[in-house]
Amino acid sequence: MNDILLYDSLSNQKKTFEPIDINNIRIYACGPTVYNFAHIGNARMAIVFDSFVRLFRAKYTNVTYVSNITDIDDKIIEAAKELDVSIDELTQKYTKIYNEDMSKLNVLPPDVQPKATEYVKEMVDFIQQLIEGGKAYEKDGHVFFHVPEHAAYGKLSNRAFDQQLAGSRVQVSNIKKNQQDFVLWKPSNENQPGWNSPWGFGRPGWHTECCVMSEVNLQIPFDIHGGGQDLIFPHHENEIAQTCANNNSENPEDYARYWIHNGFVTVDGEKMSKSLNNIILINDILGNYHGEVIRLALLSTHYRKSLDWNEHLLYQSKNFLDKGYNFLKNNSEIEVLEESKLKHELSTILCNDLNIPESITFLNKVLKTTAKFSLEEIKSVLIFAGEVLGLFHDNPDSWFQKESKISLSEKNRIENLIKQRNIFKAQKDFEAADIIRAELKQAGIILEDTSEGTTWKVENS
Ligand SMILES: [Zn+2]
């Protein structure tokens, strides 16, 4: 297989991947903070890194992938309070849902999925070491990283000194020596989760969590550190500062060699937000679409670019998968080749910074001109693509069975019935509206009326 080329956000260039230890490629990606259902932005990160891991596994014999769960965070504390449930109950519930949703998207479980709350002792030791090294200081139960003590600060995000103020929103800024200093430990009151520490009862800061969980599970330096693009600053910058400062290094590569970031997800051109009421949850769309359709839709734009989510992406993805599954269904007896020209061509495309959109164009062309190739060649390249892209994992027969359960004409029928029901509702003919609802329910379709209109999903899926 070819060398793998990666776009490294640290050096801002595409580089040939050279492993630290060819017998164990080590990758860390920052996982979700669990206080709600996963949205398509969370899923894109998980799918992109899962595809990277699959590509590395196709080339190297051993890959260790660590992706954490942040189960202690101010957002979690707020959500638990709002819902009047315990923090453990909330985080356990959403961790389970996250993992179930990701599994339906063919995201393989990470080799290690550390939870922040299980590493607090190591975090306390890590912070203590920073204090002893003169890189951090304690003030009123808080511990801050002292940014001026780390000359290399800002190398990943290339931020000028006066732009490094992400921490300034912290209310305790009057007790910091410098506005850029960021919090490593903060005090908890009796109603907040906390642990005993040399600085009193409190909890760790988010950046510290990832430093510790990555180092404990992978040893430093490891090969690849990644996450969503929004994590470059301050999260990854602050992770680098702490880990490098603790090792008297000014070179972020002493923490991780390559830094990879996936782009944002927008919905019909807008950023997802609570106020716009346009947050798309994986759990909801899984009711209407097969996980592979959603997965491919989220991979349809190059991982570094912003992806604009819309229904069309789902149709396009389903269309491609139908073609692939159709070929596999009609050629179930054909053997798969170990080596083939098409497989080599596809691997060249994927090894070029995981160029999935180009790989789909390539496969579409192959499926359009099947007469040009042997059936063995075509089947082999589809199976190989499926391994790296996390597709074609279903049995071709059941793919079409599941899909036929909800065909395009069926979807149109549902949409038309909903329109008709809305007309009845507007005319205050609730009896007629209820008959439509009942009729759809009988067919296994559940309607949900929201302030944005009526949505539907397949029952028990
Ligand atoms: Zn992280």
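Trainee: Where does Gly287 lie?

Mentor: Gly287 sits in the loop between helix 7 (282-285) and helix 8 (291-299). Keep in mind that this is a predicted model.

Trainee: Why is Gly287 called buried?

Mentor: Its relative accessibility is 7%, and buried means under 20%, so Gly287 counts as buried. The C-alpha atoms of Gly287 and Glu459 are separated by 7.6 Å, with their positions 172 residues apart along the chain.

Trainee: Now the metal. What makes Cys30, Cys210 and His235 the protein donors of the zinc ion?

Mentor: Distance does. Donors are N, O and S atoms within 2.8 Å of the metal, and Cys30 (SG), Cys210 (SG) and His235 (NE2) lie 2.0 to 2.2 Å from the zinc ion. Their spacing in sequence reads C-x179-C-x24-H. Cys30 is in the loop between strand 3 (25-29) and helix 1 (40-59), while His235 is in helix 6 (residues 232-246), so the pair ties together parts 205 residues apart in sequence.

Trainee: Are Cys30 and His235 buried or exposed?

Mentor: Buried. Cys30 has a relative accessible area of 4% and His235 has 1%, against a cut-off of under 20%.

Trainee: How do you know that Arg295 and Asp50 form a salt bridge?

Mentor: The closest N and O atoms of Arg295 and Asp50 are 2.8 Å apart, and the limit is 4 Å, so the pair qualifies. Arg295 belongs to helix 8 and Asp50 to helix 1, so this bridge ties together parts 245 residues apart in sequence. Arg295 is buried at 0% relative accessible area, and Asp50 is buried at 2%.

Trainee: And what makes Lys15 and Glu253 a salt bridge?

Mentor: Their closest N and O atoms are 3.8 Å apart, which is within 4 Å. That pair links distant parts of the chain, with Lys15 in strand 2 (residues 13-16) and Glu253 in the loop between helix 6 and strand 10 (256-262), 238 residues apart. Glu253 has a relative accessible area of 26%, so partly exposed is the right label.

Trainee: How many salt bridges does the whole structure have?

Mentor: The search finds 15. Another one of them joins the side chains of Lys425 and Asp449, at 3.5 Å from N to O. Lys425 is in helix 14 (residues 408-426) and Asp449 in strand 14 (residues 445-450). Shared partners join Arg421, Lys425, Arg437 and Asp449 into one network.

Trainee: Why is Asp268 called exposed?

Mentor: Exposed means over 50%, and Asp268 has 58% relative accessibility, so it makes the grade. Asp268 is in the loop between strand 11 (265-267) and strand 12 (270-271), and together with Glu270, Glu311 and Glu415 it forms a negative surface patch.

Trainee: What is unusual about the backbone, and what is the rule?

Mentor: Most residues other than glycine have a negative phi, and most peptide bonds are trans. Asn277 has a phi near 55°, and Asp353 has a positive phi of about 55°. Asn277 is partly exposed at 43%, whereas Asp353 is buried at 3%.

Trainee: Which peptide bonds are cis?

Mentor: One joins Ile220 and Pro221, with omega about -5°. Another joins Phe233 and Pro234, with omega about 0°. Pro221 is in the loop between helix 5 (206-218) and strand 9 (222-228), and Pro234 lies in helix 6.

Technical notes
Residues are numbered from 1 along each chain as its sequence is written. This is a predicted model: local features need pLDDT of at least 70, side-chain atom pairs count only at pLDDT 80 or more; totals for chains, interfaces and linings use all residues. Side-chain values use heavy atoms; hydrogens and water are left out. Patches are made of residues with over 30% relative accessible area and no salt bridge: like charges are joined within 9 Å, nonpolar side chains (Val, Leu, Ile, Met, Phe, Trp, Tyr) within 5 Å. Accessible areas come from the Shrake-Rupley method with a 1.4 Å probe; for residues, only the protein chains shown count as cover. Lys and Arg count as positive and Asp and Glu as negative; His and the chain ends are not counted. The place of a charge is taken as NZ of Lys, CZ of Arg, CG of Asp or CD of Glu. Helices (H or I, at least four residues) and strands (E, at least two) are DSSP runs, numbered from the N terminus. Buried means under 20% relative accessible area, exposed over 50%, partly exposed in between (1.4 Å probe, protein chains only). Donors are N, O and S atoms within 2.8 Å of the metal (3.2 Å for Na, K and Ca); water is not among the atoms, so sites may look incomplete.
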